[in-house]
Amino acid sequence: MPGFLLGVIAASLTACGATRHPVSGVPGDFGLAITVLASRDEPGRARAQRPAQYILEPDGTLRVAVGAGVDPGTFPPRTRRLDPRQVERLWTLVESAGLASDAPSGDAGPGPSAVPSPPDGWAYVDVAASGQRHQRAIQLESSPAAQGVIDELASLAWIRP
């Protein structure tokens, strides 16, 4: 079932073509899905490492679910719609983190269909842009740039630090 749901999410992320926004340079089909894995939502845990599912759709709709039990099969409710400036900032962070390109060897962990054990400290990242998809599992401790993307998403979802 989680594989089916990932397929549905992926289809929605790539459905808008590969045009670029005429002003900002953000691909018109830019979509992002990040699942932060954690077995518990411990007090004091950094915002970027709390269990959550963030989905940014190409139209700027941000969907968010938080808390223990969130996994790649979770489809969160709509939280808000981002303005073009906010989407552009996310795109810039995603590009800077290297998430909009193929993972260099050694960067990716288990594939999105495999759950790392223990899952704490891992995130599944799925980026759609310019007609391509890039998926990987990232150990957050080794990727401050990915944590920056997640922290920005949490901030846009009004999640307290």
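Start by selecting Thr61 in this predicted model. Thr61 is buried, because its relative accessible area of 4% falls under the 20% cut-off. You will find Thr61 in strand β3, which covers residues 61-66. Show side chains here and look for Asp59: a polar contact of 2.8 Å links its side chain to that of Thr61. Now display what surrounds Thr61. Leaving aside residues up to four places away in sequence, Thr61 touches Ile55, Leu56, Arg78, Arg80 and Arg81.

Next, zoom out and color by secondary structure. The protein chain has 3 helices and 6 strands. Trace the chain from the N terminus and you will pass the elements in the order α-β-β-β-β-α-β-β-α. With the whole chain in view, consider how its residues are placed: of the 161 residues, 45% are buried. Switch to a surface display, and the accessible surface amounts to about 7,800 Å², with 53% of that area belonging to carbon and sulfur atoms. As for contacts between residues at least 6 apart in sequence, 56% join residues at least 24 apart.

Now select residues 122-129 and 132-139, which are strands β5 and β6. How do these two strands run? β5 and β6 are antiparallel, and 8 bridges join them. To pick out one pairing, select Tyr124 and then its bridge partner in β6, Ala137. Then move to the turn of this hairpin, where 2 residues lie between the strands. Stop at Ser130 and check its backbone: phi is positive there, near 55°. While you have strands on screen, one general point may help as you look along them: in a regular strand, side chains alternate between the two faces of the sheet.

For the next stop, select helix α3, residues 144-156. Put a distance label between its end C-alpha atoms, which are 18 Å apart. Why does that value fit? At 1.5 Å a residue, the 13 residues of α3 should span 18 Å, so the model agrees with the expectation. Color the helix by burial and its buried residues stand out as Ala146, Gln147, Val149, Ile150, Glu152, Leu153, Ala154 and Leu156.

Stay in α3 and center on Glu152. Is this residue buried or exposed? Glu152 has a relative accessible area of 17%, so it counts as buried, under the 20% cut-off. Show its surroundings: beyond residues up to four places away in sequence, Glu152 touches Arg89, Leu90 and Leu93.

Finish by stepping just past α3 to Trp158, where phi is again positive, at about 65°.

Technical notes
Residues numbered from 1 in each chain as written. Predicted model: local features only at pLDDT ≥ 70, side-chain atom pairs only at ≥ 80, totals over all residues. Heavy atoms only, no water. Helix = DSSP H or I, 4+ residues; strand = E, 2+ residues; numbered from the N terminus. Expected span 1.5 Å × (residues − 1). Buried < 20%, exposed > 50% of the residue type's maximum accessible area, 1.4 Å probe, protein only. Contact = heavy atoms within 4.5 Å. Areas by Shrake-Rupley, 256 points an atom, 1.4 Å probe, with all protein chains shown as cover. Pairing = 2+ DSSP bridges. Polar contact = N/O pair within 3.5 Å; in protein donor to acceptor, adjacent residues only side chain to side chain.
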